[in-house]
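Colleague: I would like to go through this model with you. Shall we take strands, salt bridges and cores in turn?

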Amino acid sequence: MLDKKIAGYSDEISVAPGERIRFMVSCEPGVDRYQADIVRLISGDRQPDGPGYRDELLPTSVSGEYPGRTQETYYGSYAVVPDSPAFAALGSLSLQAAIFPTLPSLRRACLISKMDVDAGLGFALWTDPADGLVLQLGDGAGGQREFALGRPFVAREWYLVSATYDADSGEIRLRQELLDSYARDTSSGAASHSSDGSAAVGCDAPLLIAAASREEARGKPIGEMIFNGRIERPVVASRALEPGEIEALRSDSVPLALRSDVCAAWDFAQAIETDDIVDISPNRAHGTLINLPIRAVRGSNWTGDELSFRHAPDQYAAIHFVDDSLYDCEWDVDFELEVPADTPSGLYAARLTSGDQEDHITFIVRPPRDRATASLALLIPTASYMAYGNSRGGIEVGSELLANRLHVVSPEERYLNRHPEYGNSMYDDHNDGTGVCYSSRLRPLINIRPTHPWLWQLSADMHIVEWLEAQDIPFDVITDEDMHQDGVSLLERYACVMTCSHPEYYSTNMWDALHAFTQRGGRLMYMGGNGFYWRVAYRDDKPGAMEMRRTEDGSRSWASEPGEYYMAFTGEYGGLWWRAGRTPQSLVGNGFIAQGFDHSSYFRRTADSHDPRAAFIFEGIDDEIIGDFGLIGGGAAGLELDSASRAYGTPPHALTVATSEQHTDAYIRVNEDIGHMLLSIGGQDDPQVHADVVFFETPRGGAVFSTGSIGWSSALFHNHHDNNVSRMTRNVLDRFLDPAPFA
Amino acid sequence: MPSQYPIDPSRTDLAREFMANPMGPHSAALQRIVTRMRDGEAAGRYVLVTRVPHEEWVLAQISGQRGVDLTLLEDQVFSSLEDAERAVFKMRWELITGTPLLLD
């Protein structure tokens, strides 16, 4: 049985000839050396009936043997504040924050720390599974002393916690107060201790919020004992504050009378769109967030009157830290490539091999930045790749109800399960049950590989690449990120843009670019299903990161909390594009209506298909049934289905040229289209459960053709491309590349 | 709470239907049984682990916990996905109904 042991990632996803791309690789013990080559990817599906894996070596200086090594990944989110004169006056001490622990029973977790452990200097405030709030103070002699409150926290409740130490009296006071009100609450309380000797609370270590640290790596403290949950308005003061003073510091300014005592008071309501945390005390001891904790989340004082953090920032002064988030592995570079100037645009990979081990770190070579080198562009949905990257549901849940069969676990899934440090997909929960709303490509994305046995995203899109290669049609390859950055000017270089099988996640820039392209005479072939569905956001200062919120409805593996539907990166309303007034139907003529994962079905031609406007689509095709074959589920109409709907914005002149039928009961209509819940929700009973192939003309001679199904591209290879799905696709592509305008 | 749909152990006709066509589509009555069987907690759920791609699979039970590996049931090896479905159906039938599935 193969045991996967090697994986890597690159710093860029799309590079032009002449540009550099760096590759980072980590090997588990047993892989001492590996061969690396740059290859152009041609085909990926290794199923017995599939086209198999094929690539073409690109001769580069990369080709060669490299030593295998294990690279460390530090994950989990926290904040770092460098040591500063702000903390020089510490002798006595006050620490406070509002906290919302989400996993208080898991293990001890650090709220705030500034500790030189070896010297026995500094302080740390903890949550403890049994003792609740715990204050740790350095003893000045290489040790620490602990003072516990003695009452465990209840998960997912807001508390005001404080700890004070008076250096003169030696008195230590701990307090944790439930901010909600429950009868029989036993989790609130206070405790006093005597330090019984002096404590040494000053040190020159950096201050961490939501973590403790013993050592540094890659220029920053490694966060350990990371707190899961929310922290709001943490304050450090150099005097033992009274309860009234502690309460007065729960605001967006430091009272004048306390400014001499407060070392730092961080207002997380500021700079929400960034990694910065802002100290509002006169000391301005600002800090930086590591590994993308969740911002734009409700604070302890959220009223529900405002739903956007921009409308009431003081009610969003919390940050949600989690112990399993990751932005950038920050591995050392193993090799790099300067893309040769004459490299044709295409889908490429750094192919790593060692015995039976392999990995394909996939990237795109786009055409030179100032021009196109073909009339057709294949648009690689890198946003959707990032959303699904490192999906853990298969091996963690093993859901059989989705596919209506036993889940088959691949070596790649077991490898991913061994590596929680590689982070999660946007379909997973964090360890504390909170949905994952950020993703990054600066880490190995184990399932975004051309040969991954789960035919989904890249591995499924290889069917389109294989088909285009076989058609001998020149094409450039561009990505979502290219389109997001360059806008419609990138697309306008092409007569036709072709999507991949499941372009589900779209930023505003991407949506605008694609829509403008269709409105300016461009031709768009939407080769999949459930596209243009979720809204995502990028951040210019955070390359490779992406955000989304799973809001009101939609097919969701988790749901955002109320009041947390606006994305921290941009302030935009997250969730379904439909909820922002932009339906997929208005862009491409059809939109997500149903999904199922057992048997795929087929399409039947409609009366519209005999309209003379659609004649070019069916040239040479006499069949009434289209696509009753395919490499995923046995049909072209499968997995996720899109249908046309005037009510949802399908253009009034659109032609529905084929409609699928006979879907199984494993196919269920999307919840956002369900009003009352009725018994007739499965494919056998619900007539809405079907896909529509749609064609319509757009202004200035443009046109859109939409296949309505993720399964469509899996049918292209059947009978070595001699089939009616392939023929239809080719007919449309030929006409879409023909400059003659559509009416 | 797991599915509560009752499985009638006398309906061996439905079991025979499954054995004849384990990948479906199933009749509505059989699908109700299969749905109940496929529902439930993640911890301990049966999955198949690829031993030889597209040729051989071994039954396993997942931990339901991130970072905790599945447990291989090395004596349950299958050379077809259909046979694996049949074997698991049989085990679950007995587990849920308390009656072994005996089809002559």
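**Strands, salt bridges and cores**

Colleague: Strand S14(A) pairs with strand S15 (residues 189-194) of chain A. How many bridges join them?
Modeller: Keep in mind that this is a predicted model. S14(A) and S15(A) run antiparallel. One of the pairs sets A:Gln176 against A:Gly189 in S15(A). The number of bridges joining the two strands is six.

Colleague: Strand S13 (residues 159-165) of chain A also pairs with S14(A). Which residue of S14(A) is the bridge partner of A:Ser162?
Modeller: S13(A) and S14(A) run antiparallel, joined by seven bridges. They form a hairpin with five residues between them. In its turn, A:Gly170 has a positive phi of about 80 degrees. Across the pair, A:Ser162 is matched with A:Arg175.

Colleague: Which side chains of S14 (residues 171-178) point to the buried face?
Modeller: In a regular strand, side chains alternate between the two faces of the sheet. S14(A) shows this alternation. A:Glu171, A:Arg173, A:Arg175 and A:Glu177 point to one face and are not buried. The buried ones, on the other face, are A:Ile172, A:Leu174, A:Gln176 and A:Leu178.

Colleague: Turn to charges. How far apart are N and O in the salt bridge of A:Asp128 and A:Arg108?
Modeller: The salt bridge joins side chains that are 20 residues apart in the chain. A:Asp128 sits in strand S10 (residues 121-128), and A:Arg108 in the loop between strands S8 and S9 of chain A. Both A:Asp128 and A:Arg108 are buried. The N to O distance is 3.0 Å.

Colleague: Which residue of chain B forms a salt bridge with A:Asp324?
Modeller: The closest N and O atoms of this salt bridge are 3.1 Å apart. A:Asp324 lies in the loop between S24 and S25 of chain A, and its partner in the loop between S2 and S3 of chain B, so the pair joins two chains. Both residues are buried. The partner is B:Arg66.

Colleague: In chain B, B:Arg38 forms a salt bridge with B:Glu85. How many residues apart are they?
Modeller: B:Arg38 is in helix H2 (residues 28-38) and B:Glu85 in helix H3 (residues 81-97) of chain B. Both are buried. Their side chains meet at 3.1 Å, N to O. Along the chain, the separation is 47 residues.

Colleague: How many salt bridges are there over all chains?
Modeller: Some of them share partners. One such network joins A:Asp11, A:Arg20, A:Arg22, A:Glu336 and A:Glu338. Over all chains, the count is 60.

Colleague: What distance separates the centres of domain 1 and domain 2 of chain A?
Modeller: The assignment gives domain 1 as 6-71 + 333-361. Domain 2 is 78-321. Taken over C-alpha atoms, their centres are separated by 45 Å.

Colleague: Which helix gives the most residues to the largest nonpolar core?
Modeller: That core has 79 residues. A:Met483, A:Tyr506 and A:Leu514 are among those touching the most other members. The top contributor gives six residues and is helix H8 (residues 508-519) of chain A.

Colleague: Which Phe is in contact with A:Tyr506, leaving aside neighbours within four places in sequence?
Modeller: The contacts of A:Tyr506 include A:Leu379, A:Asp480 and A:Arg535. Trp residues take part too, including A:Trp511, A:Trp534 and A:Trp577. The Phe in contact is A:Phe532.

Key. Residues numbered from 1 in each chain as written. Chains lettered and ligands numbered in written order. Predicted model: local features only at pLDDT ≥ 70, side-chain atom pairs only at ≥ 80, totals over all residues. Heavy atoms only, no water. Buried < 20%, exposed > 50% of the residue type's maximum accessible area, 1.4 Å probe, protein only. Helix = DSSP H or I, 4+ residues; strand = E, 2+ residues; numbered from the N terminus. Pairing = 2+ DSSP bridges. Salt bridge = Lys/Arg side-chain N within 4 Å of Asp/Glu carboxyl O. Domains from an automatic or database assignment. Core = buried A, V, L, I, M, F, W, Y, C linked by side-chain atoms within 4.5 Å. Contact = heavy atoms within 4.5 Å.
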